[in-house]
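I opened the model today to look up its sheet, some of its helices and two loop residues. My notes follow in the order I checked things.

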Amino acid sequence: MNKAWMFEELDYHKRLIPLTVLPLLVLLVIGVALLVYTTGGIKYVYSHSMYLPIVLAGLVFGFKGGILVGVVGGLVLGPMMPIEVASGEMQATKNWLYRTGFFALIGFLSGVASDAARAYLKHLKWLAERDSESGLPNRQALFRHLSELSRVKNDGDALFLAVISFENLVELKSSFGYGVIAKAVVQIDQKLRQRIEDREVYRTAPEQLAVLIKADEHKLNSVLYSLAEDLQEPLKYENISVHLDTRMGCVQLGELSEQSETYLQRAETALIVAQEKVQDSVVYSPEILSATRENVSLLGELKKALRSGEVSMHYQPKIHIPTSQVHSVEALMRWQHPTRGNIPPGDFIPRAEQSTLINTITEFALDQSLQQQLAWQEQGIHLPVAVNISTRNLLQPGFSDKVLELLNKYGLKGENLELEVTEGALMMDMQRTLDELAKLDDLKIIISIDDFGTGYSSLQYLHSLPISLLKIDQCFVRRLPGDEGAAHILEAAITLAHKMGIRAIAEGVETLEVYDFLADLGCDFAQGYLMSRPLPAKHFTSWYQQCNGRYACWGGL
């Protein structure tokens, strides 16, 4: 049973019980008095029935109520009640006073027991709605508060729920220990209270806080910007300044006509988008939820699609510019969904890279590409195949062993396979990346850096990486030859590669003018729609055989 729900039920019934019990107590006291009188007087056992309303009063109204009913019960059975009705003999004063005192004592004790139980339940309720580490109210407290707000009409500014995620908790914990998190939460709580007029801050997850923001809709972005600036201020831990990366997701509460959990879910959905797009904050919209559900749904269908043949590999040639020969091919994944049609790789690959599915996808791409390469070799086509791999693949234990296993499965050598890894991916865990790349290099596998120029950190490690190819990102290539800045970047990248004994390839070549410009710069390889779009294996075979493996036969050079 949900604890918060249980306490809400208790609170609700606690308000109803006194209204029900009060008239019942009056009836019980009068009833016991009549019972004692009609059964012959106070000397008989029926007077003990008065304990029932006394104990009940103590339980419901606490020790004050127990004492009051005890005194009333003592007086009702006191001076006006005879010892024996038949003889008319009355009680001695000390007898009924003693009984009244005893009744009051029983009422007091039952009330104390009731108050203690009530205090304990109140403490349990507090614990159920508090984060044990920071003492801040938790998500259950937030849900209760939102539920209470739904019954209050808001005539002022719009109300928003913002969730704030800590992005570098693992880094902080590994550097300073778990104590840094509690300190960080306390300091952020103080910052938020100062900015949002002392409103309550909720800890809805170990790495997440939530807060209600009251603001004009048109000024919300300004408020969120100010919050982001506050959160970027360094925190103090043991006299050391530490930085906490944060992202925010926000949703407008409106009329609060839906369940409280729904609003937190929407704010967290916006938060996911902020994390994916590396933005300080994102405000929820129905389109965001639709896109998120679409992504999750696609991931749910992806594994089945790999097994059922919906996903296939297409191949795009890489041309050796000085000779115009097809040097190798890049294997690119395509998904033909039975109901949604063609699903672009950009719609599912980036999301899959954030999940454990990327290992399955990469293994599928390697297996299909090596199988196709073997089939081509049997047709006299000898071309290395390039396959894109993810950071998660390089950090996966035994990845190089898996690659070797697949090479052995098809009887192929390492030089028949090229692995493309993005420049940014190398920065995730450089030492482990270097170790894994060294193992792959020992297998004679060709290593290339993809999207070169879009990162900023790998230059300092470039000399250490066992790479053979530098792939210059198409965002620069497509601006050629008119963009002087892009031209300088291309020239510098090609010169750098050659000085280090590495060959350069430009992707995204779409015009003959760009192709010729790259040739003048001394670029080694070109890849793009000018030569060929990515083709299914059968179509690529026909294309290759038709031009005898030379792009020049199409009139390009």
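I count two strands as paired if DSSP finds at least two bridges between them. The model is a predicted one.

Entry 1, the central strand pairs. I looked up S1 against S6 and found seven bridges, with the two strands running antiparallel. Within that pairing, Leu161 has Val251 of S6 as its bridge partner. I then took S1 against S3, where eight bridges join the strands, again antiparallel. Ala162 has its bridge partner in S3, namely Val211.

Entry 2, the whole sheet. In what order do the five strands lie? I read S2-S3-S1-S6-S7 for this open sheet, and the pairing is mixed. S2 (201–205) and S7 (281–283) are at the edges with a single partner strand each, so one side of each has no neighbour in the sheet. From one strand to the next the twist averages 25°. I checked S6 (residues 246–252) with S7: the sense is parallel, over three bridges. Cys250 has Val283 in S7 as its bridge partner.

Entry 3, helices on the sheet. H4 (residues 139–149) packs on the sheet and touches S1 (158–166), S2 and S3 (208–215). I noted about 125° between the direction of H4 and that of S2. H8 (residues 260–276) also packs on the sheet, touching S1, S2, S3, S6 and S7. The direction of H8 makes about 140° with that of S6.

Entry 4, burial of S1. How many of the nine residues of S1 are buried? I found nine of nine, and I put the strand down as mostly covered. Both faces are covered. One side has Ala158, Phe160, Ala162, Ile164 and Phe166, and the other has Leu159, Leu161, Val163 and Ser165, all buried.

Entry 5, H6. This helix (residues 179–195) has 17 residues. I read 25 Å from its first C-alpha to its last, close to the 24 Å expected at 1.5 Å a residue. Its buried residues include Val180, Ile181, Ala184, Val185, Ile188 and Leu192, and also Gln187, Asp189 and Lys191. Which elements cover them? Among them I listed S1, S2, S3, H5 (169–176), H7 (220–232) and S4 (235–237).

Entry 6, H2 and H3. I looked at H2 (residues 51–76) with H3 (residues 93–128): the axes come within 7 Å and cross at roughly 175°. H2 is therefore roughly antiparallel to H3, the cut-off for that term being over 145 degrees. Sorted by class, the contact of H2 with H3 has 16 nonpolar, eleven polar and two charged residues.

Entry 7, Leu244. I located this residue in the loop between S5 (240–242) and S6. Is Leu244 buried or exposed? Its relative accessible area is 2%, and buried means under 20%, so Leu244 is buried. Leaving aside neighbours within four places in sequence, I found Leu244 in contact with Phe166, Asn168, Leu169, Leu172, Ile188, Leu231 and Leu235. Leu244 and Asn168 are 76 residues apart along the chain, yet their C-alpha atoms are separated by 6.5 Å.

Entry 8, Ser390. I found Ser390 in the loop between S11 (385–389) and H12 (391–395). Ser390 counts as buried because its relative accessibility is 6%. With neighbours within four places in sequence left aside, Ser390 is in contact with Glu353 and Ile358.

Key. Residues numbered from 1 in each chain as written. Predicted model: local features only at pLDDT ≥ 70, side-chain atom pairs only at ≥ 80, totals over all residues. Heavy atoms only, no water. Axes fitted to C-alpha atoms, helices over the stretch in contact; angles between N-to-C directions. Contact = heavy atoms within 4.5 Å. Expected span 1.5 Å × (residues − 1). Buried < 20%, exposed > 50% of the residue type's maximum accessible area, 1.4 Å probe, protein only. Parallel < 35°, antiparallel > 145°, perpendicular 65-115°, else oblique. Nonpolar A, V, L, I, M, F, W, Y, C, P; charged D, E, K, R; others polar.
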